[in-house]
Amino acid sequence: MTLEHPQRSVVEDLLLGTIYDWIDLGLVRSTVREMLGVEDPAELHAAVMEVITQLVGEGFVAAGDVDRDGFHAWDCTRSQAISRIDLQWRAEPDPELWPFQVAALAPTRRALDIIESVMSREGDDGSWRERMSRTPLALPHADGE
């Protein structure tokens, strides 16, 4: 018997990661590198920013900071959040990034739709819902410039 799982997109794979915790640029970068095979630093940065633009721009995640009290979304629009991530990431001296060094990315209600679709497609039993019910979902950043 051969078990086959349909190929996940980079965005789907990252959103499934939010079942367990907020995600950060280090995870996004390593996922893009592994799934797309991008190694050149400039190309990798551009590819990661494309994924960040899709995640934040389509309202799947909100960007923010994490402290001992949890996740705190930035008070800005989607495009401002994307620009802030890019600018802060370029300014960081450590190219490998510490967890949540530039931003944390927390799932929104819209992310649940994608997760549900992937899990259903892959035959999951739904146990992920219990794990995700323990952490409040973020509100997406406002549309607009």
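Is Asp 24 buried or exposed? Asp 24 is buried, with a relative accessible area of 12%; here buried means under 20% relative accessible area, exposed over 50% and partly exposed in between, for a 1.4 Å probe and protein chains only. The model on display is predicted: local features need pLDDT of at least 70, side-chain atom pairs count only at pLDDT 80 or more, and totals for chains, interfaces and linings use all residues. Residues are numbered from 1 along each chain as its sequence is written, and side-chain values use heavy atoms, with hydrogens and water left out.

**Strand 1**

Select Asp 24 to begin; this residue belongs to strand 1. Helices (H or I, at least four residues) and strands (E, at least two) are DSSP runs numbered from the N terminus. Add Pro 99 to the selection: the C-alpha atoms of Asp 24 and Pro 99 are 6.4 Å apart in space, with their positions 75 residues apart in sequence.

**The aromatic cluster**

Next, select Trp 22, Phe 71 and Phe 100, which form one aromatic cluster. Rings of Phe, Tyr and Trp (its six-membered ring) pair if their centres lie within 6.5 Å; planes under 30 degrees apart count as stacked, over 60 as edge-to-face and the rest as tilted. The count by this rule is two aromatic pairs. In one of them, Trp 22 and Phe 100 meet edge-to-face, at 6.4 Å centre to centre and with 75 degrees between the planes. Trp 22 lies in the loop between helix 1 (10–17) and strand 1 (23–24), and Phe 100 in the loop between helix 4 (78–91) and strand 4 (104–107), so the pair ties together parts that are 78 residues apart in sequence. Trp 22 is partly exposed at 23% relative accessibility, and Phe 100 is partly exposed at 24%.

**The loop before strand 4**

Move to Gln 101, in the loop between helix 4 and strand 4. Gln 101 is partly exposed, with a relative accessibility of 25%. Its C-alpha atom is separated by 13 Å from that of Arg 29, which lies 72 residues away along the chain.

**The second largest pocket**

Return to Trp 22, which also helps to line the second largest pocket. On a 1 Å grid over the protein atoms alone, a pocket is an open set of points where a 1.4 Å probe fits, with protein on both sides within 12 Å along at least five of seven lines; lining residues have an atom within 4 Å of a point. Among the other lining residues to select are Tyr 20, Asp 21, Pro 107, Arg 131 and Leu 137.

**Around helix 4**

Select Thr 77, in the loop between strand 3 (70–73) and helix 4. Thr 77 is buried at 13%, and its side chain makes a polar contact of 3.4 Å with the side chain of Ser 79. A polar contact is a pair of N or O atoms within 3.5 Å; within protein, one must be able to donate a hydrogen and the other to accept it, and residues adjacent in sequence count only if both atoms are side-chain atoms. Then select His 141, in the segment after helix 6 (128–132). His 141 is buried at 4% relative accessibility, and a polar atom of its side chain lies 3.3 Å from the backbone oxygen of Cys 76.

**Helix 5**

End at Asp 113, in helix 5 (residues 109–121). Asp 113 is exposed, with a relative accessible area of 53%.
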